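Me: I am new to this structure. Let me ask how each label is earned, and please keep the replies short.

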Amino acid sequence: MKVVVISNTDYNFSAKLSKICNDQSDDLLFCDDFIDLSKKNVSNSLIILDYDDEVENLDKIKSISKKISNSTFCIIMKNINSDTQKKLTQLGFDLIMSKQSFLINFSTIKKQFLLQK
(Lines give C-alpha, C1' and ligand atoms only; values in the text may rest on other atoms or scores of the structure.)
Protein backbone atom coordinates (compact mmCIF):
# COMPACT_ATOMS: atom_id res chain seq x y z
CA MET A 1 0.00 0.00 0.00
CA LYS A 2 1.19 3.51 -0.74
CA VAL A 3 1.03 5.86 2.26
CA VAL A 4 1.71 9.57 1.83
CA VAL A 5 2.29 11.79 4.86
CA ILE A 6 2.32 15.55 5.30
CA SER A 7 3.53 16.12 8.84
CA ASN A 8 6.42 18.50 9.39
CA THR A 9 6.48 19.05 13.13
CA ASP A 10 5.55 15.76 14.78
CA TYR A 11 8.70 13.69 14.41
CA ASN A 12 7.52 11.16 16.98
CA PHE A 13 4.41 10.33 14.93
CA SER A 14 6.45 10.15 11.73
CA ALA A 15 8.98 7.78 13.31
CA LYS A 16 6.28 5.47 14.68
CA LEU A 17 4.46 5.41 11.34
CA SER A 18 7.73 4.73 9.52
CA LYS A 19 8.34 1.70 11.70
CA ILE A 20 4.82 0.37 11.17
CA CYS A 21 5.02 0.82 7.40
CA ASN A 22 8.47 -0.74 7.27
CA ASP A 23 7.29 -3.75 9.28
CA GLN A 24 4.30 -4.20 6.96
CA SER A 25 6.25 -3.50 3.73
CA ASP A 26 4.16 -0.46 2.83
CA ASP A 27 5.51 2.31 0.63
CA LEU A 28 5.86 5.53 2.62
CA LEU A 29 6.36 8.96 1.11
CA PHE A 30 6.78 12.18 3.07
CA CYS A 31 5.83 15.50 1.47
CA ASP A 32 6.81 18.91 2.78
CA ASP A 33 3.45 20.49 2.11
CA PHE A 34 0.24 20.02 0.20
CA ILE A 35 1.56 21.89 -2.84
CA ASP A 36 4.45 19.40 -2.99
CA LEU A 37 1.90 16.60 -2.83
CA SER A 38 0.00 17.90 -5.85
CA LYS A 39 3.18 17.63 -7.94
CA LYS A 40 3.68 13.91 -7.25
CA ASN A 41 1.88 10.80 -8.45
CA VAL A 42 -0.10 9.89 -5.37
CA SER A 43 -3.25 8.41 -6.84
CA ASN A 44 -4.44 5.20 -5.16
CA SER A 45 -2.80 6.26 -1.90
CA LEU A 46 -3.73 6.71 1.71
CA ILE A 47 -2.90 10.38 2.25
CA ILE A 48 -2.35 11.41 5.86
CA LEU A 49 -2.50 15.11 6.62
CA ASP A 50 -1.42 16.52 9.97
CA TYR A 51 -4.15 19.00 10.88
CA ASP A 52 -1.87 20.63 13.46
CA ASP A 53 0.46 21.68 10.61
CA GLU A 54 -2.13 22.57 7.97
CA VAL A 55 -5.08 24.04 9.88
CA GLU A 56 -4.87 27.34 7.96
CA ASN A 57 -4.96 25.67 4.52
CA LEU A 58 -7.99 23.36 4.72
CA ASP A 59 -9.99 24.98 1.90
CA LYS A 60 -6.96 24.98 -0.40
CA ILE A 61 -6.25 21.37 0.55
CA LYS A 62 -9.80 20.31 -0.25
CA SER A 63 -9.67 21.92 -3.69
CA ILE A 64 -6.36 20.22 -4.52
CA SER A 65 -7.54 16.89 -3.10
CA LYS A 66 -10.35 16.78 -5.69
CA LYS A 67 -7.66 16.58 -8.39
CA ILE A 68 -6.05 13.49 -6.87
CA SER A 69 -7.88 10.37 -7.99
CA ASN A 70 -8.70 7.25 -6.03
CA SER A 71 -7.08 8.34 -2.79
CA THR A 72 -8.33 8.29 0.77
CA PHE A 73 -7.66 11.38 2.87
CA CYS A 74 -7.07 10.95 6.57
CA ILE A 75 -6.80 14.01 8.78
CA ILE A 76 -4.89 13.40 11.99
CA MET A 77 -4.45 15.68 14.96
CA LYS A 78 -3.06 15.54 18.46
CA ASN A 79 -6.36 16.27 20.18
CA ILE A 80 -9.69 15.91 18.44
CA ASN A 81 -12.88 17.75 19.31
CA SER A 82 -16.39 17.33 17.93
CA ASP A 83 -16.61 20.79 16.29
CA THR A 84 -13.40 20.27 14.34
CA GLN A 85 -14.39 16.73 13.41
CA LYS A 86 -17.78 17.95 12.16
CA LYS A 87 -16.18 20.72 10.07
CA LEU A 88 -13.71 18.31 8.48
CA THR A 89 -16.44 15.77 7.77
CA GLN A 90 -18.51 18.48 6.08
CA LEU A 91 -15.50 19.36 3.93
CA GLY A 92 -15.55 15.76 2.74
CA PHE A 93 -12.43 14.23 4.24
CA ASP A 94 -12.60 10.43 4.59
CA LEU A 95 -11.13 9.86 8.07
CA ILE A 96 -10.63 12.23 10.98
CA MET A 97 -8.89 10.87 14.05
CA SER A 98 -6.25 11.44 16.67
CA LYS A 99 -2.66 10.53 15.87
CA GLN A 100 -2.58 7.92 18.61
CA SER A 101 -5.79 6.27 17.37
CA PHE A 102 -4.44 6.22 13.83
CA LEU A 103 -1.25 4.44 14.89
CA ILE A 104 -3.15 1.93 17.03
CA ASN A 105 -5.67 1.20 14.26
CA PHE A 106 -3.34 1.32 11.25
CA SER A 107 -3.85 -2.36 10.35
CA THR A 108 -7.63 -1.97 10.35
CA ILE A 109 -7.44 1.27 8.37
CA LYS A 110 -5.16 -0.44 5.86
CA LYS A 111 -7.60 -3.35 5.42
CA GLN A 112 -10.51 -0.95 4.88
CA PHE A 113 -8.48 1.11 2.41
CA LEU A 114 -7.51 -1.99 0.42
CA LEU A 115 -11.13 -3.18 0.35
CA GLN A 116 -12.20 0.13 -1.23
CA LYS A 117 -9.72 -0.22 -4.09
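**How the labels are earned**

Reply: Start with Gln 100, which sits in helix α6. A caution before going on: the model is predicted.

Me: What makes Gln 100 partly exposed?

Reply: Its relative accessible area is 47%. Buried means under 20%, and exposed means over 50%. The value for Gln 100 falls in between, so partly exposed is the label. In space, the C-alpha of Gln 100 is 8.3 Å from that of Phe 13, although 87 residues separate them along the chain.

Me: Phe 13 belongs to which helix, and is it buried or exposed?

Reply: Phe 13 is in α1, and it is buried. Ser 14, Leu 17, Ile 20 and Cys 21 of α1 are buried as well.

Me: How do you know that the buried residues of α1 line one face?

Reply: Look down the axis of α1. The buried residues fall within an arc of 130°, so they line one face of the helix. The face turned away from them carries exposed residues: Tyr 11, Lys 19, Asn 22 and Asp 23.

Me: What do the buried residues of α1 pack against?

Reply: They pack against four strands, β1, β2, β3 and β4, and against helices α6 and α7. Packing here rests on contact, that is, heavy atoms within 4.5 Å.

Me: How does the length of α1 compare with the expected span?

Reply: α1 covers residues 11-23, which is 13 residues. From first C-alpha to last it reaches 18 Å, close to the 18 Å expected at 1.5 Å a residue. After the helix comes Ser 25, with a positive phi near 60°.

Me: Why is Asn 12 called partly exposed?

Reply: Asn 12 is also placed in α1. Its relative accessibility is 48%. That is not under 20% and not over 50%, so Asn 12 counts as partly exposed. From Asn 12 to Asn 22 is ten residues in sequence and 15 Å in space, C-alpha to C-alpha.

Me: Why is Ser 45 called buried?

Reply: Ser 45 has 0% relative accessibility. The cut-off for buried is under 20%, so Ser 45 meets it. Ser 45 lies in the loop between α2 and β3. Setting aside residues up to four places away in sequence, Ser 45 touches Lys 2, Val 4, Asn 70, Ser 71, Thr 72 and Phe 113.

Me: What makes β1 largely enclosed?

Reply: Four of its five residues are buried, so the rest of the structure largely encloses β1.

Me: How do you know that β1 pairs with β2 and with β3?

Reply: Two strands pair if at least two bridges are found between them. β1 and β2 have four bridges, so they qualify, and the sense is parallel. β1 and β3 also pair in the parallel sense over four bridges. Take Val 3 as an example. Val 3 stands opposite Leu 28 in β2, and its bridge partner in β3 is Leu 46. Val 5 has Phe 30 as its bridge partner in β2.

Me: Which elements make the right-handed β-α-β unit?

Reply: β1, α1 and β2 make it.

Me: How do you know that the buried residues of α7 line one face?

Reply: The buried residues of α7 are Phe 106, Ile 109, Lys 110 and Phe 113. Down the axis of α7, they fall within an arc of 100°, so they line one face of the helix. Lys 111 and Leu 115 are exposed on the other side. The buried residues of α7 pack against β1, α1, β3, β4, β5 and α6.

Me: Which residues of the largest nonpolar core touch the most other members?

Reply: This core has 18 residues, and the ones that touch the most other members are Phe 34, Leu 37, Ile 47, Ile 75, Leu 88 and Phe 93. At least two residues each come from β1, α2, β3, α4 and β4. β4 gives the largest share, three residues.

Me: What is Phe 93 in contact with?

Reply: Beyond its neighbours within four places in sequence, Phe 93 contacts Leu 58, Ile 61, Lys 62, Phe 73, Ile 75 and Leu 88. There is also a second, separate core of 17 residues, including Val 3, Phe 102, Leu 103 and Ile 109.

Note on methods: Residues are numbered from 1 along each chain as its sequence is written. This is a predicted model: local features need pLDDT of at least 70, side-chain atom pairs count only at pLDDT 80 or more; totals for chains, interfaces and linings use all residues. Side-chain values use heavy atoms; hydrogens and water are left out. The expected span of a helix is 1.5 Å times one less than its number of residues. Buried means under 20% relative accessible area, exposed over 50%, partly exposed in between (1.4 Å probe, protein chains only). The arc is that of the directions from the helix axis to the C-beta atoms. A nonpolar core is a set of buried Ala, Val, Leu, Ile, Met, Phe, Trp, Tyr and Cys residues joined through side-chain atoms within 4.5 Å. A crossover is right-handed if, with the strands pointing away from the viewer, the path from the first strand over the helix to the second runs clockwise.
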